[in-house]
Amino acid sequence: MITETPDAAEQTAAPARFDTLALAPKLLQAIQDAGYETMTPIQAKAIPVVLAGRDVMGAAQTGTGKTAAFSLPLLQKMLAHENASASPARHPVRALVLAPTRELADQVANNVKTYARHSQLRVACVFGGIDMAPQTAQLKRGVEVLIATPGRLLDHIQAKNCQLNQVEYVVLDEADRMLDIGFLPDLQRILAFLPKKRQTLLFSATFSPEIKRLAQSYLQDPLLVEVARPNATASTVEQRFYSVSEDDKRAAVRQILRERSLAQAIVFVNSKLGAARLARSFERDGLNTAALHGDKSQDERLKALDAFKRGEVDLLVATDVAARGLDIADLPAVFNFDIPFNAEDYVHRIGRTGRAGASGLAVSLVTRDDSRLVGDIEKLIRRKIDLEPLELDDERPRRRRMEESGSGAPPRSERPPAREPREYRDAREPRRSPAATARDPFFDRPYEADPNATPVWERAEAAPAAPTRSTLSRFIKPRRKVAALLGGKTTG
Ligand code: AMP
């Protein structure tokens with residue numbers, strides 16, 4: 001059975017401070033070093049519950065501070081075993097965090113390392129696509145907190161590089177995406193290696209029947225901890241939908257960047273091919289651009305991401321899988337260059353901006369072919385979407401613009417098919433295939449709704465939008481004549 005925690009607003013009038021929690025000074029110091037002043041709502045709700053030892057089903061979007069929400073209390077519990085011994089036997093894996101993608105695993109690991117920095121607890125991260133040897137060496141030295149993608153973890157388990165028989169805490173992070181990617185059989189195999197007596201936390205942006213069944217299979221009497229409708233978009237994100245033609249999309253992005261004085265943005269597309277091509281086109285336009293998609297090596301992806309985080313790249317053109325879970329502080333805007341095929345991806349995409357309370361802008365470029373997809377988004381976010389016209393600030397005759405090789409969309413013959421298959425299989429480890437999906441009889445049973453599991457968000461309303469911040473990129477030159485975006489602000 002799933003029970004709900006009381007609403008955060010009822011619990012605390014003002015945002016709660018971390019020092020009101022039973023956390024050790026070395027953790028509080030790390031939190032202070034990270035510059036966190038007060039807890040985010042998911043932290044205020046989840047940390048006491050995890051400290052109390054309950055299983056948790058956390059409904060929280062990425063960007064809400066959920067990593068600290070689960071890792072701080074787990075680190076607190078593990079401090080009891082902290083030791084300076086060099087012996088690997090004194091550093092068994094006690095907490096296992098499973099994440100769907102390499103990028104998310106890396107990001108979670110970096111956060112956990114930050115929180116554990118004043119302790120002697122060891123944190124390691126293993127994911128596929130790179131050499132196993134350094135990971136093996138680290139595992140053999142002993143680590144208390146292991147963050148892993150499922151496929152690579154199974155490889156290490158098979159190679160006997162790590163023992164999981166002392167795991168006390170398990171976190172399934174972004175569980176919805178792990179199921180989307182097809183990791184259920186891998187998760188089942190991994191969970192079978194773990195001691196039955198353990199504390200399990202499951203975080204997911206959405207709670208489909210499959211996720212609820214997963215929770216019912218592997219969590220014991222979990223407490224539902226939620227802070228916002230998981231299918232709702234962050235309230236701090238201003239969402240705009242512009243009606244444009246395919247050929248005008250690039251000019252639209254450039255114009256909005258300029259008019260909103262946006263320094264950086266992620267531009268989402270639906271296909272790998274589209275990402276590579278669009279990145280090249282933006283480069284030709286003079287924007288420093290990197291592409292992030294499944295055909296890039298792990299090393300290239302991390303380098304592109306680092307360059308973007310350092311501000312050396314203006315635009316990151318990304319597919320959904322590659323960008324999944326990315327945490328980039330202060331990202332002012334995301335563009336949906338292509339409207340996602342799956343409405344939930346819309347929520348994930350725009351969750352890249354407006355994080356941890358900051359404001360953000362999400363612009364969707366909608367063509368006539370996209371009406372069904374926009375309708376799906378409308379249903380999911382339960383908000384009427386108004387399509388706005390976009391007057392392009394380009395004095396050149398339209399035909400000339402289209403004829404120019406560098407400025408319009410590629411000729412139809414060069415364009416990717418309208419419906420390329422989703423890219424998510426790239427995130428799998430190499431040896432897994434769709435055909436390999438095993439069946440769990442539990443999941444074949446019809447789902448029975450549990451009235452107690454009805455989440456609070458289903459009654460909540462989306463909150464109003466907020467304005468964006470602005471800094472002018474050195475690569476984006478302001479132009480004299482600027483057309484006003486309907487309803488938007490103009491900056492000369
Ligand atoms: P997450 O949802 O865990 O990916 O976290 C999103 C971002 O919020 C990360 O950059 C964290 O460093 C940041 N963050 C987490 N907790 C807090 C907090 N209490 N105050 C300020 N920033 C936070």
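## Close-up views of a predicted model

**View 1. Helices α4 and α5 meet at a slant.** In this predicted model, the axes of α4 and helix α5 (residues 102–116) approach within 10 Å and cross at roughly 45 degrees. That angle makes α4 oblique to α5. The crossing in which α4 passes α5 is right-handed. To find the contact, look for T67, A68, S71, L72 and L75 on α4, together with V108, N111, V112, Y115 and A116 on α5. Sorted by class, the residues of this contact are seven nonpolar, three polar and no charged.

**View 2. Helix α4 also meets helix α3.** Stay with α4 (residues 66–78) and turn to α3 (residues 41–51): the axes of these two helices come within 8 Å and cross at roughly 25 degrees. An angle under 35 degrees counts as roughly parallel, so α3 and α4 are roughly parallel to each other. The crossing of α3 and α4 is right-handed. From α3, the residues in the contact are I42, Q43, A46, I47, V50 and L51, and they meet K66, A68, A69, F70, L72, P73, L74 and Q76 of α4. Here the count by class is 11 nonpolar, two polar and one charged residues. You may recognise two names from the previous view: A68 and L72 of α4 take part in the contact with α5 and also in the contact with α3.

**View 3. Helices α7 and α9 pack together.** Now move along the chain to helix α7 (residues 150–158) and helix α9 (residues 184–193), which pack at an angle of about 45 degrees with their axes 9 Å apart. The two helices, α7 and α9, are therefore oblique to each other. Check the hand of this one: α7 passes α9 in a left-handed crossing. On the α7 side you will find P150, G151, L153, L154 and I157, and on the α9 side D186, L187, R189, I190 and F193. This contact of α7 with α9 holds seven nonpolar, one polar and two charged residues.

**View 4. Seven strands form an open sheet.** Trace the strands in the order β11-β12-β10-β13-β14-β9-β15; their pairing is parallel. At the edges lie β11 (289–292) and β15 (387–389), each of which pairs on one side only. From one strand to the next, the twist averages 25 degrees. For a closer look at one edge, follow β11 and strand β12 (residues 315–318): these two run parallel and are joined by four bridges. One residue pair to pick out is L292, whose bridge partner in β12 is A318.

**View 5. Two helices sit against the sheet.** Helix α11 (residues 249–259) packs on the sheet and touches β9 (237–243), β10 (265–268), β13 (333–336) and β14 (360–366). The direction of α11 makes about 160 degrees with that of β14. Helix α15 (residues 343–350) lies across β9, β10, β13 and β14 too. Compared with β13, helix α15 runs at about 155 degrees.

**View 6. How confident is the prediction along the chain?** The mean pLDDT of the chain is 77, and 72% of the residues reach 70 or more. Two stretches deserve a careful eye. Residues 1–13 have a pLDDT below 50, and this stretch makes 26 contacts in the model beyond near neighbours in sequence. Residues 395–492 also have a pLDDT below 50, with 145 contacts in the model beyond near neighbours in sequence.

Definitions and conventions: Residues are numbered from 1 along each chain as its sequence is written. This is a predicted model: local features need pLDDT of at least 70, side-chain atom pairs count only at pLDDT 80 or more; totals for chains, interfaces and linings use all residues. Axes are lines fitted to C-alpha atoms, for helices over the stretch in contact, and angles run from 0 to 180 degrees between N-to-C directions. Angles under 35 degrees count as roughly parallel, over 145 as roughly antiparallel, 65 to 115 as roughly perpendicular and the rest as oblique. A crossing is left-handed if the near helix is turned anticlockwise from the far one by less than a right angle, and right-handed if clockwise. Two residues are in contact if their C-beta atoms, placed from the backbone, lie within 7 Å. Ala, Val, Leu, Ile, Met, Phe, Trp, Tyr, Cys and Pro count as nonpolar, Asp, Glu, Lys and Arg as charged, and the others, Gly among them, as polar. Two strands pair if DSSP finds at least two bridges between them. pLDDT is the predictor's confidence in each residue, from 0 to 100.
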